[in-house]
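Open the model in your viewer and keep the selection box at hand. Each stop below names what to select and then what to look for.

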Amino acid sequence: MKIIAIGRNYSEHAKELNHAVPSSPVFFLKPETALLQKNKPFFYPSFTSDLHYETEIVVRINKNGKHIEEQFAHRYYDEIGIGIDFTARDLQQIQKEKGLPWEIAKAFDHSAPTSPMTPLNRYKNIQDIYFSLKINDKQVQIGHTADMIFTVDKVIAYVSQFVSLKIGDLIFTGTPAGVGPVKIGDQLEAFIEGESLLKFEIK
Ligand code: ZN
């Protein structure tokens, strides 16, 4: 499996990082080794001193496909979860300045803590879901999927022109505004519609 992550999919977040709002989705990949599941602790890596959380709705692909048309994209997923797209912001900044790929800042081991998946039919509409993150019991980030620049179906249609989607692939659909640093000892807890689905410690 692979993780496809969408950058700059909420305009308020693009603004906070001084990016223009993109005209087509921006995506990058994280490998399977980026997954961190079962609420296992995350160990702060030695190569960064500015590790940021990005809280994102995660969509699980349930059918193989490529060149998927937007109008059929909804047939390719029926479960969602919540995940953290950990980003070494200091390394990412250096890569951006040099015009180099982001992998060292985004694709490292355990950079994608992810909740168990939950059936999408528990929610009324994938583009009308609130999600949030608490650190040490204080809310630090809240998002609403209605604010996505590119809907999940548009993202699937776009990405699948370039990269085949396979059963079990996960799409991290982008972070809303409010990203920030974590430190050792922090307790992170992420919610969909107020329900706690992911909880782990930074060690
Ligand atoms: Zn992200």
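**Stop 1: the zinc ion**

Begin with the residues that hold the zinc ion, whose spacing in sequence is E-x1-E-x28-D. As you look, bear in mind that this is a predicted model.

Select E54, E56 and D85. These are the protein donors of the zinc ion. E54 and E56 each offer OE, and D85 offers OD. The donors lie 2.0 to 2.1 Å from the ion.

Now colour by secondary structure. E56 belongs to strand β5, residues 55–61. D85 sits in the loop between β6 (77–84) and β7 (87–88). The pair therefore ties together parts that are 29 residues apart in sequence.

Are E56 and D85 buried or exposed? Both are buried.

**Stop 2: the cavity**

Keep E54 selected and turn on cavities. The structure holds one cavity of 30 Å³ or more. The volume of the largest cavity is about 90 Å³.

Which residues lie nearest the centre of the largest cavity? They are G7, H13, E54, W102 and K106, out of 16 lining residues. E54 thus appears twice on this tour: as a donor of the zinc ion and in the lining of the largest cavity.

Next, show β1 (3–7) and α2 (89–98). These are the elements that give two or more residues to the lining of the largest cavity. Helix α2 gives the most, with three residues.

**Stop 3: D90**

Stay on helix α2 and pick D90, which has its place there. D90 is partly exposed, with a relative accessible area of 22%.

Add S49 and draw a distance between the two C-alpha atoms. The C-alpha atoms of D90 and S49 are separated by 7.2 Å. Along the chain, D90 and S49 are 41 residues apart.

**Stop 4: aromatic rings**

Show the aromatic side chains. How many aromatic pairs are there? The count comes to eight.

Zoom in on F27 and Y158. This aromatic pair is edge-to-face. The ring centres are 6.4 Å apart, with 80° between the planes.

F27 lies in strand β2, residues 26–30. Y158 lies in helix α4, residues 152–162. Because of this, the pair ties together parts that are 131 residues apart in sequence.

Check the surface at F27. The residue is partly exposed, with a relative accessible area of 25%. Then add F162 to the selection: ring pairs link F27, Y158 and F162 into a cluster.

**Stop 5: a lysine over a ring**

Select K63 and Y76. K63 lies over the face of Y76. The distance from K63 to the ring centre is 4.8 Å.

**Stop 6: strand β14 and its partners**

Select residues 187–192, which make up strand β14. The strand is mostly covered, with five of its six residues buried.

Show β10, residues 130–135. This strand pairs with β14 in the antiparallel sense, over five bridges. To see the two strands face each other, pick K134, which stands opposite E189 in β14.

Now show β15, residues 195–201. Six bridges join β15 to β14, and the two run antiparallel. Select F191 and S196 here: S196, in β15, is the bridge partner of F191.

Finish at the turn. The hairpin of β14 and β15 has two residues between the strands. Which residue in this hairpin takes a positive phi? Pick E193, where phi is near 50°.

Notes: Residues are numbered from 1 along each chain as its sequence is written. This is a predicted model: local features need pLDDT of at least 70, side-chain atom pairs count only at pLDDT 80 or more; totals for chains, interfaces and linings use all residues. Side-chain values use heavy atoms; hydrogens and water are left out. Donors are N, O and S atoms within 2.8 Å of the metal (3.2 Å for Na, K and Ca); water is not among the atoms, so sites may look incomplete. Helices (H or I, at least four residues) and strands (E, at least two) are DSSP runs, numbered from the N terminus. Buried means under 20% relative accessible area, exposed over 50%, partly exposed in between (1.4 Å probe, protein chains only). Rings of Phe, Tyr and Trp (its six-membered ring) pair if their centres lie within 6.5 Å; planes under 30 degrees apart count as stacked, over 60 as edge-to-face and the rest as tilted. A charge sits over a ring if NZ of Lys or CZ of Arg is within 6 Å of the ring centre and within 35 degrees of the ring normal. Two strands pair if DSSP finds at least two bridges between them. On a 1 Å grid over the protein atoms alone, a cavity is a set of points where a 1.4 Å probe fits but cannot get out, and a pocket is an open set with protein on both sides within 12 Å along at least five of seven lines; lining residues have an atom within 4 Å of a point. Grid points are joined across faces, edges and corners, and a volume is the space filled by probe spheres set on the points.
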